[in-house]
Every structure is written in structure tokens, then in C-alpha cells.
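Dear colleague,

Please find below the structure that I am handing over to you, together with its sequence. My account of what was found in it follows directly after.

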Amino acid sequence: MSIERERVEADVLIVGAGPAGLGCALHLANLIERHKQANKSPSLSTENIYVLEKARELGAHQLSGAIMDPRALRELVPDFEKTAPLDTPVTGDAAYFLTEKGTHKLPITPPPLRNHGNYVVSLNKLVKWLGELVEKKGVNVFTQFAGRELVYEENGIAGVLTEDKGIDKNGKPKDNFTPGYELRAKVTVLAEGPRGSLTKEAVNRLKLDGLNPQVYGIGIKELWDVQPGRIDTGYVAHTLGWPLHSDVYGGGWVYGMSNNRVSLGMVVGLEYHNPLFDPHEAFQRFKTHPFVRKILEGGKLVRYGAKTVPYGGWYAMPRSYMDGGLIIGDSASLLNSQRLKGIHTAIKSGMLAAETIYEALCAGDISAKALAAYPKKIEQSWLKKELWAVRNFHQAFHDGIWKGLFLAGIQFVTGGRGLTDPMRAEAGYKEYSKLNRDGTLIDQSTRFKGDGKLTFDRLTDVYHSGTRHEEDQPCHLHVLDPSICVDRCVREYGNPCQYFCPAAVYEMTAEKSGPKLKINFANCVHCKTCDIADPYQIINWVPPEGGGGPNYEGM
Ligand SMILES: Cc1cc2nc3c(=O)[nH]c(=O)nc-3n(C[C@H](O)[C@H](O)[C@H](O)COP(=O)(O)OP(=O)(O)OC[C@H]3O[C@@H](n4cnc5c(N)ncnc54)[C@H](O)[C@@H]3O)c2cc1C
């Protein structure tokens, strides 16, 4: 069907309203304000900046630990402490090694896990607050709109098409059909977070790959309200060990927030070998450890969610500039995986992108050559210094935690160089061991169910994520060749999608005609794990109709 789309022209279009996108919008708006006050030419206006966000409202798709290093926010909003919704300053921290029943506190907290001077925050609340500052500057922020396709022009990008709304599950327009917009901009900024759907396409099409392929972890989080006195406000604990085996990269966290609220979760590298490993189950078991149980017992689950984390670091950075476009934040691999911190680096990258865009607009040159100033600014800033020191960190753990800790120690004393520099990495989905099974489906009835008090099955958890999608719309999880799922994957890997998805989206059913893949797309929490961890790379995650997805209130 040929669709007539309204075309809108902007100076700058930012796709994704996370810390990176909003940091970029706010800094650019400040620069434009000063430009106007100084009566400089050309004429620039904050009204020509557009921000698109696929969530129902700002922050609804934000999930983070979250301990924030305030360094970048202080540069962006110097008096942020007066108005930002900071939950609590960190008041104490510790690292623990867990065995099945034992808790071993490390005698000293390793430097990367020290958090003195940082804040425990809800990223959902912080992003809402940042968004308000951005809107006050006159920037156009559109929630419930996803960037669905990129508009390409020669060697670069010229904007996006937003998704068509009101299409039924068979692809036919409904009564409320509204075509998407063609949003054209001089500069389009990709700030989609980890595994951005547009970023993935642009990186492939324009050949922007970094030295290493990107590698990811999945983070699973719950918020609890607990009995008073169970954990100090501002106390942050990180754990290694049980229930993860030493060949699975990852660990847990428990943070004491204000009003007896606790943030807890687990991150697991999506490069484990056993295709039947279930990260959600591992996190549920983590809660049964005496160390965690005694904090949670008698408390109540408030929210659940899951999201991926880009671990690849400096050597997985894609080329972050092209004609008419920049990539920032997690989409540009700017997270510090050693500290599991990407909020401050995302904001900083957004600010550096804003400075680049401002200069490009003033010079009337938005070519790749002009926008190449952005990675140069990264090189000259503290961002490079911080990320360069951990450039080989994640790769060091390829052969398990013990060797990883040893290599990371050498990297620590050699400024990140370690024994090999650069250390190369493989995409995580290549790490699965084959199971070589017959063609029968694995019985799912014995899967982990939880006790309904401390531990939960995935559907109960999804309920607590506030996830909602219009059911009568095309499935946004495109399986490019379903015949692989019902045959090769059954035999080779036992359908890992049923295990790695933390929202029970993928289900294999036994039909008379043979195995069938059922996709419960309405459960999708937008973590993108399927796009990343599918062993055949045949799942393509695209944004559903804008406004669908989780509601990570308070996360
Ligand atoms: C479990 C977990 C724990 C973490 N803990 C910490 C921590 O303690 N401290 C810390 O500093 N960092 C932490 N991080 C990392 C931190 O949250 C990220 O680095 C940071 O949020 C990255 O910001 P961003 O703006 O690049 O991306 P995001 O925060 O992911 O924001 C991207 C936004 O873009 C939107 N979007 C994506 N695609 C589209 C599209 N096509 N159209 C429209 N909108 C789109 C998304 O809905 C989202 O709102 C953690 C991450 C996870 C997952």
C-alpha cells in the first residue's frame, strides 16, 4: 500500500529520550539560547530540535541499577542537586562473594565498585525530570512515537519515518489508521540505547562496525518495598558467585533506597555456553540466598523489568558519525562495563554531540567530515580517559571469572593494556554449545515457577513490569526464517529463546503437524535480548506501535 506521509523538517532530530538523547537536547538548547542572546547568525531555534521516544511517557522504558556518577550531570545542570529527583547519596558500599549458603565480604571494596560521592537514583524519575527541563527550553519532545525506518541519503542519514499507527495484526489499516511522519533533519542523532533497531541497521548498511562486535549482558531487576531496618538507605552491595557458575560472567546487586525501598538485580553476560541457561531463573534463585532473603522476607515486589547492557566498550565502538548523523550513549558503546555505569557517559556523549551539532549548524556543514569533530571531542574529554582504562576489561572474562579477575588485575596496573591489547571478542551468540538432540521439544512443565512470595515465574514478573501493547497490531518480533526454529534449533540448541527471554514471549508448542513457534509479543519488555542472543540471528526486533511496552515507574 502506498502511503502519503506528512513531511516535517527539523534542524536536529534525536531518536530516543534516555540520558544520552536528553543530555544532547538540553545542552544544544542551552548553546542555542546563548547564541541567540549574543545575536549571532545564523538564526537558530530550539523549536527546530525534535526528540522522539517510543514509550508511553518519558522514562517509561528506562531501567537501570541505578547508581549515578554525577560528573556529567553536574556539567549539564550545575545546580542539579537542588531539583533533580536523587533518591539518596551512597552511604556505604561492599562487595560479597556468595556460595550457595555462604556470604563472604571482600576485605576491601574493589575500586571500580566504590561509590562514595555517587547517588542511588531511579532512572525513570531522573529522565522525566531531564525531559521537563528540555521541554521548558522549547524543544519538541514526542512520546509514543518510534523511529521505525531511517531515511538514507548518499553516505548518510537524513531523518526517520515514524511508525504507522492503527494497523491490524494482518497488516490492514484499521479505522484509526494514521500514517507515520517523514521527519527530516539536518542532523539525526541515534540515542536508542543498547541494540538500537535503527542503529543496528545503520551500522550494517553504512559499514560502521568497530574493531570488535558488540557484546551484551542482560540485566534483570526488581524493586521491593521491605520491612523497616532491613538495609540502610544508601547502602550498596555488589555480589559475585552463586547462583552463577564461574564460566558465566555476571553478578548481583542490592541497593538500599529511601522509604524502605530496595533495588535488586542481576546482570549476566549474553555469551554463556549452555543454551538452556535461564537468566530470569538465576535471578530468582539469587533472591533465595540467605544474604538477600533476609532483606526481602516480609516485603513486597513493586516492579520488575529487564534490559540489555552493551559491554563491548571502546573496541566495540562503531564509527559514531556519518553524513547527517551521530550515534551517542549506549548505542555508541560508551558504557563503562567495569563499573556497570553508563548514565554519566551517555549524558557526556550527548553533550559532546550537541557541541558538534551546534558548530556544524553554525558552519552550515553537516557532512561526515564536519561531524567527525564528535569522536575527536570524545578523545579529548574525560570520557576517553575513563573508557580507555577499561578497554579490554570485558574481553578478559572470556574464559571464566577466575582468569578474568587475574587479567583484569594486570589491566588495572597497566592502565588498561593488560597482557594483550587490543583483546578481540566474538559476538556472544557464537558461544553456545550444541546439544545435538532429537527433534522433540523440551518439556516446559517442569520449569521454575517460584513460590509466589519471594520468587516468581516470568508471567507474574511481566505483570509487574506494567507492560501493555495494542494486541491487534503486527508482531514486532520478526523471525526471518521460522523453519529454522522448528527444526534445526530444536535439535541443535533446544530453542534457547524460551530460556533467554525474561518475559515469556517465545513459546514452542507441539502441534499435530510438528513443533510451532508462538510469539506472545504483547509481553515484550523491549530488552532486545532475542535480537542479540538468537543463535541464528534471525530475530529482528523492531519498535511496535508507539506507546507500547513496559512502564518502569520508579525503576
Ligand atoms: C540492569 C542495568 C543496570 C544498570 N546500572 C547502572 C548503574 O547503576 N549506573 C549507571 O550509570 N548505569 C547503569 N546502567 C546503564 C545505563 O542505564 C545506560 O548506560 C544508560 O541508560 C544509557 O543511556 P542511553 O540514553 O544511551 O540509552 P537508554 O537509557 O537505553 O535510552 C534510550 C531510549 O531510546 C528509546 N528508543 C529506542 N529506540 C527507539 C526508537 N527507534 N524510536 C524512539 N525511541 C527509541 C528507548 O525507549 C529509551 O527510552 C545499567 C543498565 C542496566 C540495563
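Leaving aside neighbours within four places in sequence, G92 is in contact with G234, Y235 and V236. Please bear in mind here and throughout that the model is predicted. G92 belongs to strand β5, which covers residues 92-98. With respect to S64, G92 stands 28 residues away in sequence, and the C-alpha atoms of the two are 19 Å apart in space.

Helix packing

Three helix pairs deserve a description, and I begin with α1 and α8. Helix α1 spans residues 19-37 and helix α8 spans residues 343-363; their axes come within 7 Å and cross at roughly 40°. Angles under 35 degrees count as roughly parallel and those from 65 to 115 as roughly perpendicular, and α1 and α8 are therefore oblique to each other. The crossing in which α1 passes α8 is right-handed. On the α1 side, the contact is formed by P19, A20, G23, C24, H27, L28, L31 and H35, which meet I343, A346, I347, G350, M351, A353, A354, E355, I357, Y358 and C362 of α8. Sorted by class, the residues in this contact of α1 with α8 are 14 nonpolar, four polar and one charged.

Helix α1 also packs against helix α4, which comprises residues 123-136; the two axes come within 9 Å and cross at roughly 20°. Because angles under 35 degrees count as roughly parallel, α1 is described as roughly parallel to α4. Here α1 passes α4 in a left-handed crossing. The α1 residues P19, L22, A25 and L26 meet L123, V127, L130, G131, L133 and V134 of α4. The contact of α1 with α4 consists of nine nonpolar residues and one polar residue, with no charged residues. P19 thus appears in the contact of α1 with α8 and again in the contact of α1 with α4.

The third pair joins α8 to helix α10, made up of residues 373-380; their axes come within 9 Å and cross at roughly 135°. Angles over 145 degrees would count as roughly antiparallel, and α8 and α10 are therefore oblique to each other. The crossing of α8 and α10 is right-handed. From α8, the residues S349, L352, A353, E355, T356 and E359 take part, and from α10 A373, Y374, K377 and I378. In the contact of α8 with α10, five residues are nonpolar, two are polar and three are charged. A353 and E355 of α8 take part in the contact with α10, and A353 and E355 are also among the α8 residues that meet α1.

The second largest pocket

What is the volume of the second largest pocket? The computed value is about 520 Å³. The second largest pocket is lined by 25 residues, and those nearest its centre are R195, V203, D209, Q214 and Y216. Helix α5, residues 197-205, supplies the largest share of this lining, with four residues. By class, the lining of the second largest pocket has 10 nonpolar, 11 polar and four charged residues.

Backbone geometry

Two cis peptide bonds should be noted when you inspect the loops. One runs from G65 to A66, with omega near -5°; A66 is located in the loop between β2 (49-53) and β3 (67-68). Another joins W242 and P243, with omega about 5°, and P243 sits in the loop between β15 (235-241) and β16 (250-256).

Finally, Q144 has a phi near 65°, a positive value in a residue other than glycine. Q144 is placed in the loop between β8 (140-143) and β9 (147-153).

Yours sincerely

How values were computed
Residues are numbered from 1 along each chain as its sequence is written. This is a predicted model: local features need pLDDT of at least 70, side-chain atom pairs count only at pLDDT 80 or more; totals for chains, interfaces and linings use all residues. Side-chain values use heavy atoms; hydrogens and water are left out. Axes are lines fitted to C-alpha atoms, for helices over the stretch in contact, and angles run from 0 to 180 degrees between N-to-C directions. A crossing is left-handed if the near helix is turned anticlockwise from the far one by less than a right angle, and right-handed if clockwise. Contact means heavy atoms within 4.5 Å. Ala, Val, Leu, Ile, Met, Phe, Trp, Tyr, Cys and Pro count as nonpolar, Asp, Glu, Lys and Arg as charged, and the others, Gly among them, as polar. On a 1 Å grid over the protein atoms alone, a cavity is a set of points where a 1.4 Å probe fits but cannot get out, and a pocket is an open set with protein on both sides within 12 Å along at least five of seven lines; lining residues have an atom within 4 Å of a point. Grid points are joined across faces, edges and corners, and a volume is the space filled by probe spheres set on the points.
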